[in-house]
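Reader: Please take one part of this model, the strands that pair with one another, and go through it closely. Add whatever is needed to place that part in the chain as a whole.

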Amino acid sequence: MILHRYISRYTACIFIIFGLVFMCGVSLRAATPTASGILDKAASALLKGGGVSASYTMKSGGGTQQGTLNVKGKKFNISSRAASTWYNGRTLWDYNAANNEVTLSAPTAQEVSAINPYALVASYKTAYTPKLLKNSIRGTYAVLLAPKSTQSAVKSAIIYIRASDYQPVRLDVTARNGSVSTIVVTNIRRGVKLADAVFNFPKNKYPNASIVDLR
């Protein structure tokens, strides 16, 4: 299925947003929070806001990948040098730069929920078990997210959040196959006004791309 072709990018997308929720709606003067308490308050604040934009650097398998992410409700766009994905709420376009090919699909609600970070944040209680850890990085909170489903592509993830300002500083994701990815968030903007066109495939940018329609 096309949704799983670039699982590393989707993993980055999902856990960048999980890092974002720690930044929203949490008092810096509060007592040491619980993992679920932070997620409850922050997810509510995030989901009520506008669009979210972020940049990230991910190290995995000896390589480094940089990319950007835009999310607005059910819509999202993930871009990197190797590939890009657009989803406008109905159609998903997945562009592969290596062969200049774009694949169109109409994913089901279940398939979309697996890669749309907003949907994952909203349903984290049913999908993940959060646990506050004693971490090894000074000055941060570390929260372990363990998926409840054995079918999840992610085995576990640890989010490191700077205690002074709740900025996510590092995300360590272990895939079901044992591979580990480290994601560093370099820029986060919340409440961004994102036009609907951001989530549609820009045909004029890729005029010679081959189109594979799986709808």
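Author: Two strands are said to pair if DSSP finds at least two bridges between them. The strands themselves (E, at least two residues) and the helices (H or I, at least four residues) are DSSP runs, numbered from the N terminus. The model is a predicted one, in which local features need a pLDDT of at least 70 and side-chain atom pairs count only at pLDDT 80 or more, while totals for chains, interfaces and linings use all residues. Residues are numbered from 1 along each chain as its sequence is written, and side-chain values use heavy atoms, with hydrogens and water left out.

Strand β8 (140-147) is a convenient place to begin. Its partners include strand β7 (residues 128-133), which runs antiparallel to β8 and is joined to it by six bridges. Within that pairing, proline 130 has leucine 145 of β8 as its bridge partner. β8 also pairs with β9 in the antiparallel sense, again over six bridges, and here alanine 142 stands opposite tyrosine 160 of β9. The connection between β8 and β9 is a hairpin with six residues between the strands. β8 is mostly covered, as six of its eight residues are buried; buried means under 20% relative accessible area, exposed over 50%, and partly exposed in between (1.4 Å probe, protein chains only).

Another run of paired strands starts with β1. Strand β1 (residues 51-60) and strand β2 (residues 63-72) are antiparallel, and nine bridges join them. Alanine 54 has leucine 69 of β2 as its bridge partner. Leucine 69 also stands opposite isoleucine 78 in β3, within an antiparallel pairing of six bridges between β2 and strand β3 (residues 75-80). The turns on either side of β2 can be described in the same terms. The hairpin of β1 and β2 has two residues between the strands, and glycine 61 there takes a positive phi near 60°. In the hairpin of β2 and β3, also with two residues between the strands, it is glycine 73 that has a positive phi near 60°.

The side chains of these strands meet in the largest nonpolar core. A nonpolar core is a set of buried Ala, Val, Leu, Ile, Met, Phe, Trp, Tyr and Cys residues joined through side-chain atoms within 4.5 Å. This core has 21 residues, of which Tyr56, Phe76, Ile78, Ile159, Leu171, Val173 and Ile183 touch the most other members. At least two residues come from each of β1, β2, β3, β8, β9 (154-162), β10 (168-175) and β11 (180-192). β9 gives the largest share, four residues. A second core, separate from this one, has eight residues, including Trp86, Trp93, Tyr95 and Tyr206. In soluble globular proteins, nonpolar side chains tend to be buried together.

The loop between β5 and β6 is a further detail. Asparagine 96 lies in β5 and is buried, with a relative accessible area of 14%. A polar atom of its side chain is 3.0 Å from the backbone nitrogen of alanine 98. Such a polar contact is a pair of N or O atoms within 3.5 Å; within protein, one must be able to donate a hydrogen and the other to accept it, and residues adjacent in sequence count only if both atoms are side-chain atoms. Alanine 98 belongs to the loop between β5 and β6 and is exposed, with a relative accessible area of 76%. Its C-alpha atom is separated by 6.9 Å from that of alanine 82, 16 residues away along the chain. Asparagine 100, in the loop between β5 (92-96) and β6 (101-105), has a positive phi of about 50° although it is not a glycine. Most residues other than glycine have a negative phi. Asparagine 100 is partly exposed, at 26% relative accessible area.

As for the whole chain, the protein has five helices and 12 strands, and 46% of its 215 residues count as buried. Taking contacts (heavy atoms within 4.5 Å) with a separation of 6 or more, residues 24 or more positions apart account for 53%. The average pLDDT, the predictor's confidence in each residue from 0 to 100, is 75, and 67% of the residues score at least 70. Over residues 1-7 pLDDT stays under 50, and the model has 22 contacts beyond four places in sequence for them. Residues 22-30 also stay under 50, with 26 such contacts.
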